[in-house]
Amino acid sequence: MLKYICILLAVIASEAIAKSMFPLPRLQNLCTQTSVRRDIVSLPQDELQRFIAVVREMHRRGWMDGFGSMHDHIAHQIHGNEQFFAWHRRFLRHFELLMQEIDPGVMLPYWNWGTYWQSPVADPVLTSAYFGGNGRLGDNCVVEGAQARWGRNYPSRNCLTRRFRYGATTGAFWPMRAVRDVMNAAKTHAQFRSRIENGAHGIVHLGLGGDFETMYAPVDVLFFMHHATIDKIWAEWQSRDPLRYRQVDGYDSQRIPVTANSLMPFYSEEVGTALATNGPGYCYVYDDVPAAPMGAMFKSTRRAAFSSFKAAVNNTSSVEQQAQDTEDADDDSAVAPAAAAPPVGNEFHVKHALNDTADFRPPSPMSREWLKGRHMDVAEAARMQALVNNVVAQINTERRQKRAATAAAAAAAAAVRAA
Ligand SMILES: [Cu+2]
């Protein structure tokens, strides 16, 4: 009997420890400053090392297991429906706030997989200087980079794993031109969410494989950097119509309509509160996406939250004023967002690490079984496959035309010299 009580106490104690090891910081009611999330490869070496030191400490404290477990437990509520974008934005902010408990000056960077979409194994982010690439042969353990030889305790004790889709390679991801085609065509939140989730987003999970293609993928820090790019893509689409900062549509996993007043799973905060990256509690912008204007943001009908929104509006403008007054030039973490953001539509630079004359290849289709296991939409994935195939074909045509024009110009120049 005593033995059972001891076991029971031990279980309760370990649960309490697990909870205290995975804190949930409250969102601030106002932004004292707006910070910038940047492309990880653009970070100066000292900032990169600070970020790596922070995530190592988070891993040591067991927080990565907490994120993996939480995401896994509510997977069906946050994928394949209109909670997807808002919930993941909230989840990333949770991660970032825990980062800042360790080092308040560090922001979550994003991994722009569009840069090396054609040949992701050439991406510096997937090397030992950043977050490592494939798991090693045999056990798929990640043994290089910032997470070298990391262990995990969720869902079981193991190393952190990755297992590239084609053995040594991941296969191609989506070029940003195809992502922008989706941005241009999608009119409703539900359309846009479904096209991004079942296209550009899924292929990265499948390509990296191992833990990354499971519902506990957040045990890998790269999950947060991949989803920061997804979040940035959403933010850019939102920036094209101010209504998108306060309205959503479509349905949740129970087929109940999702509105700005719907609550996000686990966090129990309104979806509307997550619709602007620079809104209260979030307080960030992406380096090349315009900030949401204060007046366009969602205003909660929940009484307490509404007054905090008003406070936030007042406070943010005074903070921007202050920043201008004090001329604190070397503090680049405090920005006046709208002014700092360059115009939308800047194409990401595409690195051609390949033989320049070979045609680019589109990503290969995600299988029906793989999609179904991840609450994804088989028909939408097929439409997105057709879209990305077309875009890659267009890119190849343009590259061939450019090569032909260059060759013709060279021949003409040679003819002139010969004459
Ligand atoms: Cu997810």
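In this predicted model, His375 sits in the loop that links α11 to α12. Its backbone is worth a second look: phi is about 60°, a positive value, although His375 is not a glycine. For comparison, most residues other than glycine have a negative phi. His375 has 17 other C-beta atoms within 10 Å, and because a buried residue needs 20 or more and an exposed one has 12 or fewer, His375 is partly exposed.

Cys283 offers a second case of a positive phi in a residue other than glycine, here near 65°. The loop between α8 and β4 (284–286) is where Cys283 is found. Cys283 has 21 other C-beta atoms within 10 Å, so this residue counts as buried. A further backbone feature appears at Pro155, in the loop between β2 (151–152) and β3 (158–159). The peptide bond joining Tyr154 and Pro155 is cis, with omega about -5°. As a rule, most peptide bonds are trans.

From the loops, the description moves to the helices. The protein has twelve helices and four strands. Helix α12 covers residues 378–418, which makes 41 residues. From its first C-alpha to its last, α12 reaches 60 Å, close to the 60 Å expected at 1.5 Å a residue. Five names make up the buried residues of α12: Ala381, Met384, Val388, Val391 and Val392. Their cover includes α6 (176–185), α7 (189–208) and α11 (368–372).

The meeting of α7 with α12 can be followed in some detail. The two axes come within 9 Å and cross at roughly 65°, and the crossing is right-handed. On the α7 side, the residues involved are Ser194, Arg195, Asn198, Gly199 and Gly202, while α12 brings Glu380, Ala381, Met384 and Val388. Sorted by class, the residues of this contact are three nonpolar, four polar and two charged.

A second helix pair is formed by α2 (residues 45–60) and α5 (residues 84–102), whose axes lie 9 Å apart at an angle of about 100°. Angles of 65 to 115 degrees count as roughly perpendicular, and α2 and α5 are therefore described in that way. Val54, Glu57 and Met58 of α2 make the contact with Leu98, Met99 and Ile102 of α5. Five of these residues are nonpolar, none is polar and one is charged.

Helix α2 also holds Arg56. Is Arg56 buried or partly exposed? Arg56 has 15 C-beta neighbours inside 10 Å, so it counts as partly exposed. The C-alpha atom of Arg56 is 9.6 Å from that of Val221, although 165 residues separate the two along the chain.

Helix α8 (residues 221–238) gives a handy check on helix geometry. At 1.5 Å a residue, its 18 residues should span 26 Å, and because its end C-alpha atoms are 26 Å apart, the two values agree. α8 is mostly covered, with 17 of its 18 residues buried.

Finally, the protein can be viewed as a whole. Of its 419 residues, 42% count as buried. Among contacts between residues at least 6 apart in sequence, 72% join residues at least 24 apart.

Notes:
Residues are numbered from 1 along each chain as its sequence is written. This is a predicted model: local features need pLDDT of at least 70, side-chain atom pairs count only at pLDDT 80 or more; totals for chains, interfaces and linings use all residues. Helices (H or I, at least four residues) and strands (E, at least two) are DSSP runs, numbered from the N terminus. The expected span of a helix is 1.5 Å times one less than its number of residues. Two residues are in contact if their C-beta atoms, placed from the backbone, lie within 7 Å. Axes are lines fitted to C-alpha atoms, for helices over the stretch in contact, and angles run from 0 to 180 degrees between N-to-C directions. A crossing is left-handed if the near helix is turned anticlockwise from the far one by less than a right angle, and right-handed if clockwise. Ala, Val, Leu, Ile, Met, Phe, Trp, Tyr, Cys and Pro count as nonpolar, Asp, Glu, Lys and Arg as charged, and the others, Gly among them, as polar. Angles under 35 degrees count as roughly parallel, over 145 as roughly antiparallel, 65 to 115 as roughly perpendicular and the rest as oblique.
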